[in-house]
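Open the model in your viewer and keep the selection tool at hand. Each stop below says what to select and what is there.

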Amino acid sequence: MRKINRETVQRILDAVDIVDVVSDFVTLRRRGANYIGLCPFHNERTPSFSVSKAKGICKCFSCGKGGSAINFLMELESMSYQEALRYLAKKYNIEVEEHEMTDAERIAETERESMLAVNKMAMDHFAYNLVDTQDGRNIGLAYFRERGISDEMIKRFHLGYALEDSTDLYNAATRKGYSLDYLLKTGLCSRSDSGRVYDRFRGRVIYPVLSVSGKVVAFGGRTLRKDKSMAKYVNSPESLIYSKRRELYGLYHSRQAIVKADKCILVEGYMDVISMHQAGVENVVASSGTSLTAEQVRLIHRFTNNITVIYDADAAGVKASLRSIDMLLLEGMNIKVLSLPPGEDPDSFAQTHSSSEVEEYIKQNEIDFIRFKVNTLLRDAGNDPLRRAQVINDIVKSISLVADPVARNVYITTCSHLLGVDDKVVSLQVNKLGQEHAMKLRREEQISGGMEQLPAEGGTASQQTDGSTQPVDGTGQATADAGPSQEIQQIAGTHALSAEGRKARFLLPFEKEVIRLVLKYGMVAFAQWVDENENVWPLTVYEYINGEMSNDGIKFETVLYARALAEVSNIFNTTWQPDLTRYREQIAAEREEGRRQGIEQIRTGATNMAMIESLERELEERLDREDAEKETEFAVNYVERILASSPDDDMRRLTADLVSDRYVLSKVHTKYSKVLTELDRLTEVVPRAIHELKAAIIDCEINLVKEQMKEACKTPETMRAQIPALMTRISELNAIKQQFAHILGERIIIPR
């Protein structure tokens, strides 16, 4: 097995645009310098997922997930680090250079990657069978052509054929060196009670199921026999790489069209999707014959708020569409429902109509869910008053699930008009059901969130008015972290902590602030250092902090923070200076081009020598400012860009968490006056963070000496021998503490 080499990794990271990557999975809109969208990692109706193009990271400020483009793909698509790199290399047309992996690296490769590799091999094998074997051409290919499917669509959707031979795929896979274990785990093969291995898919046309990122996660196989005793469809079983609740057939091919149209068309089967694509309507996905799930709806919601549901006109199709409506409303979707002409389904309709005809039919005939329910349910209710009342209650219940108050009022008006019911009555019932639903959700949240929580990562537990605690971050703002952080879990047990554990837990917020500054501004020059020969050198944030800690023998108690500092030290000592030199050469070349263009404009527009000299001075000053800003931005982003894409899972998460800015100042506040940012105040912020950490360490030392004094007082002998020295030590430590209090300008040292 081979691994991508370091040079290729760097080329990939240099090419990646985080906004471009995330936009393949989430609909983003610009907000100031950043982009926002609905978080793909949890269900939400109000966007809290922020993407920073400059920093190259994303983060949800509700659930906390995000990171670099690599971490985003790993979290969202359950990719390994190597898979994410290969995905990005393919996206940006970067040739991948690899080296043979060591034994340790092979062991570290995930089971998931091996299963995906087996599925990819199977997809290629089925595609080969379809066009390069006699049975494939005579049976499988003939079937698709009979259904009107073009060769282009066959290639686009990787359609295939499984031969009748019960060990065809198994034999092909084992010849190529694929493990039987993964053939069984993916469900491509099964084992009988007698131990015989056989293929799951035999004598069937094959529809590969691709994830949003284009990975083959499952297969659907349709028999072409007329035998009623044989299942029409056989599908891959649930596995590590496949959950049918979380996949939509065709989404990989349709996602861009969905974003462009700002609408998703939902159909039932494989052929519905393929035929619609062939007709030129590409914003189509299918639930693949299963009931629509909340996870599938959320998948669609990443790309659009609007959905048109097309189900077959038979009773089963109508029932399925009715069942889906409330789920779609609950997830905040805007719903339209489309009924096709009698006897038609999306496949047959698309096969007999042009693209423009299909689109026009959808536009003219899709209706909102109120009208669909009224037309469908009232027809069955007839003149029975009780059944009509049940229909009205069913429709009102659906309206109560609509979150947008404006849309809800429009639906109330429409419902009362169509059903001949006073809108006040409808409104009262909608509000009543809405309140009941809200109370139910709160009860469920209370049940699921009833466990006592430790403070959030790097935070302290702030006391609330009801006596509960809420995690706070380094600025004192409440966070949405739902449980104990990794750092807390490292140093805290379920019960009482040891003395070392109590010290580590006390120091955690102070250490977090220091390592945050290292990760966020480590390579920024914020002060000057004068050597013994009176030479002046720029001093970076990392150098200052590392020097202060080394001089006083301070080491982080939190293991992850210590590892992060070591990583930054390695970056500083290896790649920082060469990369900075190259970047300075780049901006020098840009400066020369800017100067050339500027001088040409000055010479063209100036009327005398004095004006030329004045404008040239202004040009040089502007270029100086721009160069300084570019170098500062490069330094600010340098550490986080490297560590946010680190192979180390913990390092990626820590970096993304600590360098993300939840709030960005509006241009309104910065248009007319200079607003000092944290970057502008580094000469104040960095020394303060180090002094607060040192002061906290002194507090820990004082508490330790007090505990020793308590122990010494237990017997007269130890008291006489130890108390004087311990009292002297307490006095020394208190004197140092007072010095820190004077420096920090406060009587009590607290975490920032």
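Which residues of H26 are buried? Select Asp650, Met651, Arg652, Leu654, Thr655, Ala656, Leu658 and Val659: these are the ones. The model you are looking at is predicted.

**Stop 1: helix H26**

Colour residues 649-659 to see the whole of H26. The helix is mostly covered, with 8 of its 11 residues buried. Now add Asp648, which caps the N-terminal end of H26. One of its side-chain oxygens lies 2.9 Å from the backbone nitrogen of Asp650. Keep Arg652 on screen, a buried residue of H26. Arg652 is touched by Asn71, the next stop.

**Stop 2: Asn71**

Select Asn71, in helix H3 (residues 69-77). Is Asn71 buried or exposed? Its relative accessible area is 1%, under the 20% cut-off, so Asn71 counts as buried. Leaving aside residues up to four places away in sequence, Asn71 touches Gly66 and Arg652. Draw a distance from the Asn71 side chain to the backbone oxygen of Gly66: it reads 2.7 Å. Gly66 leads on to a sheet, where it stands in S6 opposite Lys59.

**Stop 3: the open sheet**

Show the 5 strands of this sheet, in the order S2-S3-S4-S5-S6. The sheet is open and its pairing is antiparallel. Which strands sit at the edges? They are S2 (29-31) and S6 (66-67), each pairing on one side only.

Zoom in on S5, residues 57-60. Both faces of S5 are covered. Ile57 and Lys59 lie on one side, Cys58 and Cys60 on the other, and all are buried.

Next, follow S5 to each neighbour:

- Toward S4 (residues 49-52), the antiparallel pairing runs over 4 bridges. Val51 has Cys58 as its bridge partner in S5. The two strands form a hairpin with 4 residues between them. In the turn, Gly56 has a positive phi of about 75°.
- Toward S6, 2 bridges join the antiparallel strands. Cys58 stands opposite Gly67, and Lys59 opposite Gly66. This hairpin has 5 residues between its strands. In its turn, Gly64 has a positive phi of about 90°.

**Stop 4: the second largest pocket**

Turn on the surface and find the second largest pocket, about 1,500 Å³ of space. Its lining has 47 residues; the closest to its centre are Gln10, Leu13, Asp14, Arg641 and Ile642. Which elements give two or more residues to this lining? Colour S1 (2-4), H1 (6-15), H3, H4 (81-91), H24 (559-605) and H25 (609-643). H3 is also the helix that holds Asn71.

**Stop 5: an enclosed space**

The structure holds 3 cavities of 30 Å³ or more. Go to the second largest, with a volume of about 50 Å³. Select its lining: Phe157, Pro208, Leu210, Leu248, Tyr249, Gly250, Leu251, Tyr252 and His253. Strand S11 (204-210) and helix H11 (251-261) are the elements that give two or more residues to it. H11 gives the most, with 3 residues.

**Last stop: zoom out**

Show the full chain, with its 29 helices and 22 strands. Of its 752 residues, 45% are buried. Among contacts with a separation of 6 or more, 67% join residues 24 or more positions apart. The chain exposes about 39,000 Å², and carbon and sulfur atoms supply 50% of that area.

Conventions: Residues numbered from 1 in each chain as written. Predicted model: local features only at pLDDT ≥ 70, side-chain atom pairs only at ≥ 80, totals over all residues. Heavy atoms only, no water. Pairing = 2+ DSSP bridges. Buried < 20%, exposed > 50% of the residue type's maximum accessible area, 1.4 Å probe, protein only. Polar contact = N/O pair within 3.5 Å; in protein donor to acceptor, adjacent residues only side chain to side chain. Contact = heavy atoms within 4.5 Å. Areas by Shrake-Rupley, 256 points an atom, 1.4 Å probe, with all protein chains shown as cover. 1 Å grid on protein atoms, 1.4 Å probe; cavity = no way out; pocket = protein on both sides within 12 Å on 5 of 7 lines; lining within 4 Å. Points joined across faces, edges and corners; volume = space filled by probe spheres on them.
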